[in-house]
Amino acid sequence: MGTSAHLRLMRDLYRIEKDPPPGISAYPCDDSLLEWDALIAGPLGSAYEIGIFRLHLKFFQSYPKKLPMIQFKSKMFHPNIFSDGIVCIETLPEGSDQTIDVATILIALQTLLGDPFPDSPANHYAAYLYLHDREKYERMVKRCVELSLEKL
């Protein structure tokens, strides 16, 4: 019998396969329910719009009480994402154990791409450009978008 995290992740997988959110796919890696790969499309109306970004999620036995560690495998330039691709989890909205699932985490992350929190930066340079030189910020983002499409 699986742990509560495993059971919850099986439920999340069933839901995401049955009714995938637009622009999002996610699936467990190999034999482990605690590690997933995902793809998210950049949000419409943002500089990330046509990008398709690869991510890796590592869940903990305490999921959903503790959110997973999320890392972009695609090159990413964003105020709330460290230069190594790790997402600053504090910038994702919190919910209850009943409202948090893989789909809502990825939807929140997709939203964060288009609506960052520059006052709580993981990448200070990206936050500075976002606030003070939006044109240069968007050029840097568009380069990441181009790279994301090359690696598909």
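Biologist: In what sense do β3 and β4 pair, and over how many bridges?
Modeller: Happy to start there, with the reminder that this is a predicted model. Strand β3 covers residues 52-58, and one of its residues, Leu-55, has Phe-72 of β4 as its bridge partner. The pairing of β3 with β4 is antiparallel, over 4 bridges.

Biologist: Which strands stand at the edges of the sheet?
Modeller: Let's follow the order, which is β1-β2-β3-β4 in an open sheet of 4 strands with antiparallel pairing. Each edge strand has a single partner, so one of its sides is left without a neighbour in the sheet. On average, neighbouring strands are turned by 25 degrees against each other, direction ignored. The edge strands are β1 (24-29) and β4 (69-72).

Biologist: Nice! At what angle does helix α1 run to β2?
Modeller: Helix α1 spans residues 4-18 and lies across both β1 and β2 (32-41). Its angle to β2 is about 30 degrees.

Biologist: Is Leu-92 buried or exposed?
Modeller: Leu-92 sits in the loop between β4 and α2 (102-114). Leaving aside neighbours within four places in sequence, it contacts Ile-70, Ile-105, Ala-108, Leu-109 and Leu-112. Its relative accessible area is 5%, and the cut-off for buried is under 20%. Leu-92 is therefore buried.

Biologist: And Leu-152, is it buried or exposed?
Modeller: Leu-152 belongs to the segment after α4 (134-150). Together with Ile-50 and Leu-149, Leu-152 makes a nonpolar surface patch of about 300 Å². Its relative accessible area is 56%, where exposed means over 50%, so Leu-152 is exposed.

How values were computed. Residues numbered from 1 in each chain as written. Predicted model: local features only at pLDDT ≥ 70, side-chain atom pairs only at ≥ 80, totals over all residues. Heavy atoms only, no water. Pairing = 2+ DSSP bridges. Helix = DSSP H or I, 4+ residues; strand = E, 2+ residues; numbered from the N terminus. Axes fitted to C-alpha atoms, helices over the stretch in contact; angles between N-to-C directions. Contact = heavy atoms within 4.5 Å. Patch = residues over 30% accessible without salt bridge, like charges linked within 9 Å, V, L, I, M, F, W, Y side chains within 5 Å. Areas by Shrake-Rupley, 256 points an atom, 1.4 Å probe, with all protein chains shown as cover. Salt bridge = Lys/Arg side-chain N within 4 Å of Asp/Glu carboxyl O. Buried < 20%, exposed > 50% of the residue type's maximum accessible area, 1.4 Å probe, protein only.
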